[in-house]
Amino acid sequence: KIKALFLHVDSPGGMTAGTPELAAEVLGWRSKGRVMAYIEDLGASAAYWVASQAEEVRANPAAQVGSIGTYAVIRDYSGKAAAEGVKVHVISSGRYKGTGEWGTPVTEDQLQEVRRLVAGTNEFFVSDVSSGRSKDRSEVDVWADGQLWLAADAKEKGMIDEVSSFEDALRSLVARVTPKRKGNPILSARTKLLESWLPRMEKKI
C-alpha cells in the first residue's frame, strides 16, 4: 500500500558496513513506487551514497553535498612504544594479520594492502552513485575527490536535482502519488491534513 518513500537526510556519513545493502534497498524501491531523498544541511559520504539511489534528490540551499570517497586510518605507535621502553611482538599466521596493532611498525607492504581494500570499497561507492544518478562513470570520478559542494553547485554538477525547502519537496512527492479528482471531499480533507502535519513532521524527523 506504500506508494512513495521520502528520505530525510542530515548526516556526515559513517562506516561502509551495511551501506551498499541500504543503497540497494533504496534503488530497488524505485521499481515499487516513487522515491525522493531530501538532504537537509548535510548529505556527505555514506549518506550521499544512499541518497543518490533515489529517483530524485533535493536539498536546502545551505546544504553541503558530496564527500564521495573512502578512507581508512592506521596509526603507527612503534616510536612511542620504543620511547617508553616497550617492544611489541605480534605472533600471527600471516604477514598482514595484526596490522596496526599498537606499538608495532606499519610496513609499506601493509600500507599497500590497506590501500587495496580502500580502493575496492570505493569502487562500490562510485559505481552506485553512477548508476543511481544515471551518470557516466567518468563524470562521477571527477566528483569523487572527497570534496563537499553547496546545494546550488551540487545541482549544477548533477549530484542533486533541485534546491528547495523541505515542505516543497514533500508536497511535490505527495502530489505525484495522489490522484487528482475535482470536488472529492475525502482527498480535499487529506490535503488539508497533510498541510497541518508538515510543520510537525519537520520538527520530529
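Valine 9 is placed in strand β1, which spans residues 4-11. In this predicted model, valine 9 has a relative accessibility of 11% and counts as buried, because burial requires a value under 20%. Valine 9 and alanine 44 are separated by 35 residues in sequence, yet their C-alpha atoms lie 9.4 Å apart in space.

The chain as a whole contains eight helices and six strands. Read from the N terminus, these elements follow the order β-α-β-α-β-β-α-α-α-β-α-β-α-α. Of the 205 residues in the chain, 32% are buried.

The second largest pocket has a volume of about 360 Å³. Its lining comprises 17 residues, of which Gly14, Thr16, Ser45, Thr70 and Tyr71 are the closest to the pocket centre. Two helices, α2 (46-51) and α4 (108-132), each supply at least two residues of this lining. In composition, the lining of the second largest pocket divides into nine nonpolar and eight polar residues, with no charged residue.

On the surface, a nonpolar patch of about 260 Å² is made by Tyr77, Val86 and Trp102. Tyrosine 77 is located in the loop between β4 (64-66) and α3 (78-83). With a relative accessible area of 32%, tyrosine 77 is partly exposed. This value also satisfies the accessibility requirement for patch residues, because that requirement is a relative accessible area of over 30%.

Charged pairs were examined next. Side chains of opposite charge can pair when their charged atoms come close. Across the whole structure, twelve salt bridges are found. One salt bridge joins arginine 116 to glutamate 113, with the closest N and O atoms 2.6 Å apart. Both residues of this pair, arginine 116 and glutamate 113, belong to helix α4, where a spacing of three residues corresponds to about one turn of the helix. Arginine 116 has a relative accessibility of 49% and is classed as partly exposed, because the exposed class begins over 50%.

A further salt bridge is formed between arginine 137 and glutamate 123, whose closest N and O atoms are 2.8 Å apart. Arginine 137 lies in helix α5 (residues 137-143) and glutamate 123 in helix α4, so this pair ties together parts that are 14 residues apart in sequence. Both partners are partly exposed: arginine 137 has a relative accessibility of 32%, and glutamate 123 has a relative accessible area of 40%.

Lysine 155 and glutamate 162 form another salt bridge, in which the closest N and O atoms are 3.6 Å apart. The pair qualifies because the cut-off for a salt bridge is a nitrogen within 4 Å of a carboxyl oxygen. Lysine 155 is partly exposed, at a relative accessible area of 37%, and glutamate 162 is likewise partly exposed, at 32% relative accessibility. In addition, Glu56, Arg58 and Arg176 are joined into one network by salt bridges that share partners.

Note on methods:
Residues numbered from 1 in each chain as written. Predicted model: local features only at pLDDT ≥ 70, side-chain atom pairs only at ≥ 80, totals over all residues. Heavy atoms only, no water. Patch = residues over 30% accessible without salt bridge, like charges linked within 9 Å, V, L, I, M, F, W, Y side chains within 5 Å. Areas by Shrake-Rupley, 256 points an atom, 1.4 Å probe, with all protein chains shown as cover. Salt bridge = Lys/Arg side-chain N within 4 Å of Asp/Glu carboxyl O. Helix = DSSP H or I, 4+ residues; strand = E, 2+ residues; numbered from the N terminus. Buried < 20%, exposed > 50% of the residue type's maximum accessible area, 1.4 Å probe, protein only. 1 Å grid on protein atoms, 1.4 Å probe; cavity = no way out; pocket = protein on both sides within 12 Å on 5 of 7 lines; lining within 4 Å. Points joined across faces, edges and corners; volume = space filled by probe spheres on them. Nonpolar A, V, L, I, M, F, W, Y, C, P; charged D, E, K, R; others polar.
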